[in-house]
Structures are given as structure tokens and as C-alpha cells.
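Visitor: I am new to reading protein models, and I would like to learn how to look at one feature after another. Could you take me through this one slowly?

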Amino acid sequence: MAPPLPMEKGLALPQDFRDLVHSLKIRGRYVLFLAFVVIVFIFIEKENKIISRVSDKLKQIPHFVADANSTDPALLLSENASLLSLSELDSTFSHLRSRLHNLSLQLGVEPAMESQEAGAEKPSQQAGAGTRRHVLLMATTRTGSSFVGEFFNQQGNIFYLFEPLWHIERTVFFQQRGASAAGSALVYRDVLKQLLLCDLYVLEPFISPPPEDHLTQFLFRRGSSRSLCEDPVCTPFVKKVFEKYHCRNRRCGPLNVTLAGEACRRKDHVALKAVRIRQLEFLQPLVEDPRLDLRVIQLVRDPRAVLASRIVAFAGKYENWKKWLSEGQDQLSEDEVQRLRGNCESIRLSAELGLRQPAWLRGRYMLVRYEDVARRPLQKAREMYSFAGIPLTPQVEDWIQKNTQATRDSSDVYSTQKNSSEQFEKWRFSMPFKLAQVVQAACGPTMHLFGYKLARDAASLTNRSISLLEERGTFWVT
């Protein structure tokens, strides 16, 4: 068990902040960061207004933020939840971070997060101002994000990472409370920024077991990133070395994180797929960072199709749903419905913000429906590349032609080889109508925003001649 954090006699920290400190079980540099934050609070105890203001901000954080950044759609909306509280908290934490830096200099200690961040600026600057693009594919699980991510993975001049935030979710544990949720969002965003700047070392404290000499066999889904499986990152294969996540098309040795970071800096652009960040407004500091020139593509899918896919792919998490369907009970647990509703609301709120095109997002946000990609993959790929400001190569076009016209869909639920024009509606013919009704009732506003039509009865649900998709033009605005 970790030793207790230092505390002055008679000094009481705000309850929410103590909850944050004790609920974040983090290794490496985040433990040091939190320890410094506690010291800051001790040294500025006399400034009661600052401490009081931080406490107020922590209490304003909506309870659903932690779940919104997870793969589990267990999202509960508080009655008066306001996403603005995240921005306010961010401002407060920035103020504290400045004080932390000054205090560290006085103590003769440089914060780990500051030193790594400063070092990460150099690679980006070498790429050349105005030429390097960074793309974030922002989605939720089972929306077709792996398939769409391949559009960027298949282009040789793009360094693509597949779900690197998976490691953070499994290493950092957050309780479902306001302060802990705020910590979750801050950690995810900090790591995301460093990755976009090609600082792959930022992942090492979260990989289990920890890398040795920057070598690891445990980077999640390494084989889903071409850049991590090509020379010089693909080092000679080592016999008798177990590698949980290996390259699919060639045998490589353990991943050298240093070589991977160098390969990232040599590429013209960086693209990253993440299903653990859903609060679009929380990305504002990244979008406004001139080093990144970030473009955000939010991928959405009919929530009925998403639920049908999740019940198959994550069967253990949906036992209550399957039991409700098989036993013919009249009502589903209200908690389950609330999680579904909260998940849809989270997606809708971010999309509405993006479509409003505030000044900081203008020309940097694009909303894409998976159904449109499935029906017209090459056209949508061209639109996404045009939006990102990156020329589309014949290499990607060839991959799309070969992988969207498969004669038979793979039985692997994670496969990216599909007959995409037929596959996107398969859920309609396996989903019980009463399940569709639950989704429609919980996610009505979200479905309306994205142009998903409600099924009136079981017959219309399974009638292929009745479209459940409204035709929409391109969503993004330059």
C-alpha cells in the first residue's frame, strides 16, 4: 500500500480533492504530479479563496464524465449536469499547475510532466510549421471505428495508433464521483496530447508489465498499426519471447518504444483512434495548440445497431439485457436504460457542439455517420482526407476497393473486411422489436439529430424496402 501523502498538522483539504487523490491509483509520473499538487495546497493554505474556488469547481463536475470516457456505456446523467464545468475546472487546474511549477523551481525539482512536455515540442517543430496534420478519430465502441481508422492506417505517410488510451483505462482506476471523473478527463487528455506529439514514452507507466529498456511485448493491438510493424520499428524476431499483441503480417521482435517514437516523427502526419474521449469541448486546448493543427472526426452510428453489436461482442457485460430478452420480462432495469440514455446524450451533446462550429472548432470538426461510410466508402474517405488537408493516395483507394466488397463477411466481430453496402443493416434482421423500442425511447433526440428513423413496428424494422436512414449531405462546415 502506498504511504500516506504528507499533511500539515491541523490542515484539512477539501473532501472532494481528497477523494481525487485517494481514488486515483496511478503509477509513475502521475503519482508524483498528485503529490506535488498536495504540497501546493499546503503552501497556499493561507489563500483560502483559491482553495474554496477549487472545491466549488470539483463539486460542479457531472457524475457522468468518468463513464463518458470509458468503453462501457454505463453513463448516468445528473439532473443539472453542465459540460461547462469541465472548462472551469480546466482553468483552475491550469492556475494550480503554474503554482506547482514555481514551487518546484524553488525546491530545485522539475516536475516530470513539465519536462516531458517540453521535450515533446521538438519533434513537432522539426516537422515544419503548416505541413504536419494531426487527426483524431473520436468514436464509441462498435461504431465501425476500426474500419474507418484503416482509411488512415493504410496511408504510408501517416503514423497511425489504434486505441493507445486502452492502457490508461486499465491502469488508472477512478471511482464514479465528480473529482475522480475530472482526474480521468485530465489524464486522458494529457496522454493524448503527448502521443500526438510523438512522445510514446508517455505510455510506458501505463503498460503492464512495465517495459524494460523501452522494450515491450504488450502494446495493445500493435498489429493494427502498420507503422509499428514496418521497418525499422519491426526488429528481428526473437524466439521464445511471448508477445501478447503481435504484428499480423510479419514476425517482429518486441516493440522498441524509442524506435516507434522516431518513426512517428519521420512521418508527415499523425492519426489516432480513441473511443475513450467523448467530451468534445474538453479537447479545446488541443485544438487550439498551434503545434498540432488538429482535426477531429466524430464517427457515429445508429444506436440500435451499436447496442446489437455490443451484445454480441461484449456478451458478459450485457447479461441483463439477454436475460430480459430471453425470459420475456415486461421491464428492463431502469439502471440499464439510464446507462443507454446517458451514452446517447453524451454523443449528442458533443455533436451539437461540433455542428455549431464555435470559433475554436471552425474548420476543425467533421461529423461522419458510419452508414454513409459503409454505402459510399471511397467518397467518404475522400471527404475525410479533404477535411484533414491530406492528399489521398492510390494505396488507400486500393485498400478500400478490396476490403469493402468482400464476397462474404468475416465471422470475426473485429474484422475490417466487409461487404460494407450490405453489412450496415444486418442488425435489423436479428434485433427483437422490443429491444429496438427501448433504444428508440432512450435515444430519440440523438437519433433525430443524426437522421435515424424510428421503426413503427416489427414489420417495418425488418422490411428492407423501408429505409431507416434519412439522406443527409455532408455534416462538416469549412
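Guide: Let us begin with a term: two residues are in contact when heavy atoms of theirs lie within 4.5 Å. With that in mind, and remembering that this is a predicted model, consider the contacts in the chain between residues at least 6 apart in sequence, of which 75% join residues at least 24 apart.

Visitor: How many helices and strands are there in the chain, and what percentage of its residues count as buried?

Guide: The chain holds 21 helices and 7 strands. A residue is called buried when its relative accessible area is under 20%, and 58% of the 478 residues fall into that class. The accessible surface of the chain is about 21,500 Å², with 51% of that area belonging to carbon and sulfur atoms.

Visitor: How should I read the two faces of a strand, and which residues of strand 1 lie on each side?

Guide: The general idea is that side chains in a regular strand alternate between the two faces of the sheet. In this structure, strand 1 spans residues 134-138, and 5 of its 5 residues are buried. One side carries H134, L136 and M138, the other carries V135 and L137, and both faces are covered.

Visitor: Which strands pair with strand 1, and in what sense do they run?

Guide: Strand 1 pairs with strand 5 in the parallel sense over 5 bridges, and M138 stands opposite A274 of strand 5. Strand 1 is also joined by 5 bridges to strand 6, residues 294-300, and these two run parallel as well; there, H134 has L294 as its bridge partner.

Visitor: Is K273 buried or exposed, and which side chain does its own side chain meet in a polar contact?

Guide: K273 belongs to strand 5, which covers residues 269-274. With a relative accessible area of 3%, K273 counts as buried, because the cut-off for that class is under 20%. Its side chain makes a polar contact with the side chain of S145, at 3.1 Å. Leaving aside neighbours within four places in sequence, the residues in contact with K273 include L137, S146, Y160 and E163.

Visitor: What is unusual to look for in the backbone, and which sign does phi have in E163?

Guide: As a general rule, most residues other than glycine have a negative phi, and most peptide bonds are trans. E163 is not a glycine, yet its phi is positive, at about 50°. This residue sits in the loop between strand 2 (158-162) and helix 8 (166-171), and E163 is buried, with 3% relative accessibility.

Visitor: Where is H214 found, and is it buried or partly exposed?

Guide: H214 is in the loop between helix 9 and strand 3, and it counts as partly exposed because its relative accessibility is 33%. H214 is another residue other than glycine with a positive phi, in this case near 65°.

Visitor: Which peptide bonds are cis, and what are their omega values?

Guide: One is the bond from S208 to P209, where omega is near -5°; P209 lies in the loop that runs between helix 9 (178-196) and strand 3 (215-216). Another cis bond joins D231 and P232, with omega about 0°, and P232 is found in the loop between strand 3 and strand 4 (255-256).

How values were computed: Residues numbered from 1 in each chain as written. Predicted model: local features only at pLDDT ≥ 70, side-chain atom pairs only at ≥ 80, totals over all residues. Heavy atoms only, no water. Helix = DSSP H or I, 4+ residues; strand = E, 2+ residues; numbered from the N terminus. Buried < 20%, exposed > 50% of the residue type's maximum accessible area, 1.4 Å probe, protein only. Areas by Shrake-Rupley, 256 points an atom, 1.4 Å probe, with all protein chains shown as cover. Polar contact = N/O pair within 3.5 Å; in protein donor to acceptor, adjacent residues only side chain to side chain. Pairing = 2+ DSSP bridges.
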